[in-house]
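Work through the exercises below with the sequence and the structure at hand. Each task is followed by a solution in steps.

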Amino acid sequence: MRTALALFCLGIYAISFMPRLPEVGSGLVVLLTVLPLFTLIAIWWRAPASTWKITACLLLCLSLGAGRAVYHGLLITESRLPAALEGRDIWVEGQVEGLPEGASAETVTYRSGGQQTRFQLRVDHSCLSLLPENCEESAPVLIGHLIALNAYGSVTGEFDGDAAGVPRSGETWRLRVRLNRVHGFANPGGYDFEAAQAQQGIVARGYVRATTFNRRLQPAGWSVDQWRIGIREQLYATGSLRYPGLLAALTTGLRSGISHSQWDTLSATGTNHLMVISGLHVGLVATAFYWVFNLLSRMSATLLERMPAQRFGALAAVLGAWLYSAMAGFSLPTQRAVIMISMLMLAQLLGRQVLPSYRLLLAMAAVLGFDPLAVTQAGFWLSFVAVAALLLLFAGPQQLGPPASAQSSRSRWGQHACLVWLKPQFAVSIALLVPLLLWTGQVSWISPLVNLLAIPVVSLWVVPLALVGIVLLPVSSEAARWTLKGADTGLVMLMQGLESVASWQPLWQGPAISPLTVLCVSVGCLLLLLPRGLLPRWPALLLMLPLLAPPRPDRPGPGELWLQMLDVGQGLAVLLQTRHHSMLFDTGTALGPDYDAGRAAILPALKQAGIRQLDVLIISHWHQDHYGGLSSILGSVPVTRLVSSAPERFRDFNGVQDAMMKPCGSGDYWQWDSVEFRVLHPDPTERGGIAGNPNNASCVLHVSAGSHALLLTGDIEAPVERRLLAQQGDLLAADVLLAAHHGSDSSSTEAWLQQVSPDWLLVSAGYRNRFGHPDPAVLQRARALGIEVLRTDHHGAVTMTLGGPGEAELKGLHRHEQRRFWHNNPSGEYGKVAGKSAGD
């Protein structure tokens, strides 16, 4: 049975690598999935036991998992917003689900300081008519599916003090919205945003068009989400709590109140798993319910006549686990914990023993059967690997030394404490080594020691007091306030200690590990976790040695230049590497008040490339879509030199010294590893730009590598292009040209393209951005001149090599290479190479 469950999970996992799904309907997939199930039952019950029978059953379990994953994938692709409706106004009616963010406690400011509310709507009715009164018939799109919406201010166009125009959880609304398909950044080492959205069932994203025709159709009734909202708001309303966001995360599972600085501290110390409702906390709550109801039932002879006390405790444990998981919105770690606890307690109720490995595989199969895309999330792997490590640790008899009769009570107590408390910390740390390196590229070397103190503080102090405080809120606000204050005091003491530890820089940045290294280290970790006596453990040390080798990332050869235009949405970030040096040209845009392209796209790409220091960082000009990620970069990566046409602006950022700053001016020249860098613009006397236009103050950089050249242009417009054509026409020729101003028609004139004469035109633009970049006229000019166009909104990160033999070489289009069936791959004619990779 365990093998069958494992093969079912393997079938689901295999489908997650498919770039496309078979061209069949979801109904046919259901039929093809149900038939193997009935065949499996028939074989099992009627065929005699044999190797053939076992093999057939196992293969059918594998196909059953694959069929479940394909069916789920087809539901995702079939429910996707039709491309023809992207950017159009649509009327939708539906219920707000989940917990809106920004509507009350955690106000998010965006765009000129206005309030932004993010929420999800389950669509019951959609309409393409201009006016809502004409929406008698529903359009056959989005029905029954979730859409993610942003609302800026009041959705009705009017705002009063009670926030009547802001959607709340459980309310039913009619809204005019403008939607696009879900489309995230696509960069090496980056987060797969589209997979996460597909897992949540979100089929489109957009914003609410504020109009007086928007209406709240029904108020919210009672729901778990309403309960969670009330808890969160009361925590923030207390006023005396220093960490209401952390308490909200521990009691409701909502992490939006945890700031990035707090999350960085938790990540550096390996304690971020403690600040959300995790399997550990669910297990503790279930254990508490078990013992409390076990003891209470023993006080009643009537209850004991009906059922043993242990069974009352088992039922209570399942109830407690479900209640606490409901507060977390049934997140993935709590799903796993609830299933495992339910299995354990069911076995106790039935008086049967269930192997721990069976419970683990059953929980994994249940989670993946319900949500096959859970396999694409790091939390799935970290959660199940940690539990598997604990099962291995406690499997079989534990040999702790001489027989108990020969030991002193103090010795037995010390060894018992080592087994129960110390060893699990180190076991989980060893087991998570490979998953953390694969998913995050870093490990906190001090996390086992920190967790020895942090786990009891959070689990035995903070969480119990917080839960008691939540229970007391409707009974006695004063008692609840003091109880929550006690929980908050524990967090204050803990966070102060964690901040001190985080200042030691305990994160170990692991090397980019090869598949062979992953295999060796995984086997080494397994040897260390196996029960003592099964296999010798000393080979594990040899298998771990590859991790100690200094990282040797791939680098260009002498005289070569590697170019990577990163996908940062409506912004710009270009990474250049020579044999021994690295440069970043612009840092993308800000994505919100506490998040930017530096954190979301550039830092993961630097980590993936093994770049730990930037020799030069150039900000072409001071528009937010070019410097928005600068704070994140400066806070994470050492930078030797900062260059810009207005270098004094760097003083606004922490850690910048005057010696690091340098103005960007025509005539600047340097050479790295036989690759030449020459600044062509701006003139040092015109730092404000031509006619006061900051775009025209952009740094223009010409890079020569062997017989190839690259021209980076920032946001210059036609006047600067004409000036450069007149002054430096002979130096403009390039094989690769960055389309100025994201492909705007204000740049990339025909004379400019003819003089530069590139083979490739690179466009960095956001998916379906509101400016219409790249402009169709620019694409037409490029097409007429035989220039191939590559664009980040369609291809993701673009990687090229210059300086090698022959022509400049296109090395990779990230969205094409890493394509999965849940990704949005826009179609269209965008040049020869683009046509090959644009998708269907």
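A residue is buried when its relative accessible area is under 20%, exposed when over 50%, and partly exposed in between. The model used throughout is predicted.

**Exercise 1.** Classify both partners of the salt bridge between R815 and E194, and locate them in the chain.

Solution.
- Step 1. The closest N and O atoms of R815 and E194 are 2.9 Å apart, and the cut-off for a salt bridge is 4 Å.
- Step 2. R815 belongs to helix α27 (residues 814-817) and E194 to helix α4 (residues 193-199); the pair links distant parts of the chain, 621 residues apart.
- Step 3. The relative accessible area of E194 is 4%, so E194 is buried.
- Step 4. R815 has a value of 3%, so R815 is buried.

**Exercise 2.** Do the same for R168 and E233, which also form a salt bridge.

Solution.
- Step 1. Here the closest N and O atoms are 3.3 Å apart.
- Step 2. R168 sits in the loop between β4 (146-152) and β5 (172-180), while E233 is part of helix α5 (residues 224-237); the pair therefore ties together parts that are 65 residues apart in sequence.
- Step 3. R168 has 24% relative accessibility and is therefore partly exposed.
- Step 4. E233, at 29%, is partly exposed.

**Exercise 3.** Place these pairs among the salt bridges of the structure.

Solution.
- Step 1. The total is 15 salt bridges.
- Step 2. One of them joins the side chains of R651 and D658, with an N to O distance of 3.0 Å.
- Step 3. D658 has a relative accessibility of 48%, so D658 counts as partly exposed.
- Step 4. D89, R176, R178 and R209 form one network through salt bridges that share partners.

**Exercise 4.** Which strands stand at the edges of the open sheet of 8 strands, and why is one side of each left without a neighbour?

Solution.
- Step 1. Write down the order: β17-β16-β15-β12-β11-β10-β25-β26, with mixed pairing.
- Step 2. β17 (661-663) and β26 (809-813) are the edge strands; each has a single partner strand, so one side of each has no neighbour in the sheet.
- Step 3. On average, neighbouring strands of this sheet are turned by 20° against each other, direction ignored.
- Step 4. Take one pair inside the order: β11 (residues 574-577) and β12 (residues 582-585) run antiparallel and are joined by 4 bridges. L575 has L584 in β12 as its bridge partner.

**Exercise 5.** Is S16 buried or exposed, and what does its side chain contact?

Solution.
- Step 1. S16 lies in the loop between α1 (2-15) and α2 (26-46).
- Step 2. Its relative accessibility is 10%, so S16 counts as buried.
- Step 3. A polar atom of the S16 side chain is 2.5 Å from the backbone oxygen of Y13.

**Exercise 6.** Describe the surroundings of H814 and of M299.

Solution.
- Step 1. H814 is in helix α27. With a relative accessible area of 16%, H814 is buried.
- Step 2. H795 is 19 residues from H814 along the chain, and their C-alpha atoms are separated by 6.4 Å.
- Step 3. M299 occupies the loop between α8 (279-298) and α9 (301-306). At 67% relative accessibility, M299 counts as exposed.
- Step 4. Together, V292, F293, L296 and M299 make a nonpolar surface patch of about 400 Å².

Conventions. Residues numbered from 1 in each chain as written. Predicted model: local features only at pLDDT ≥ 70, side-chain atom pairs only at ≥ 80, totals over all residues. Heavy atoms only, no water. Pairing = 2+ DSSP bridges. Helix = DSSP H or I, 4+ residues; strand = E, 2+ residues; numbered from the N terminus. Axes fitted to C-alpha atoms, helices over the stretch in contact; angles between N-to-C directions. Buried < 20%, exposed > 50% of the residue type's maximum accessible area, 1.4 Å probe, protein only. Patch = residues over 30% accessible without salt bridge, like charges linked within 9 Å, V, L, I, M, F, W, Y side chains within 5 Å. Areas by Shrake-Rupley, 256 points an atom, 1.4 Å probe, with all protein chains shown as cover. Polar contact = N/O pair within 3.5 Å; in protein donor to acceptor, adjacent residues only side chain to side chain.
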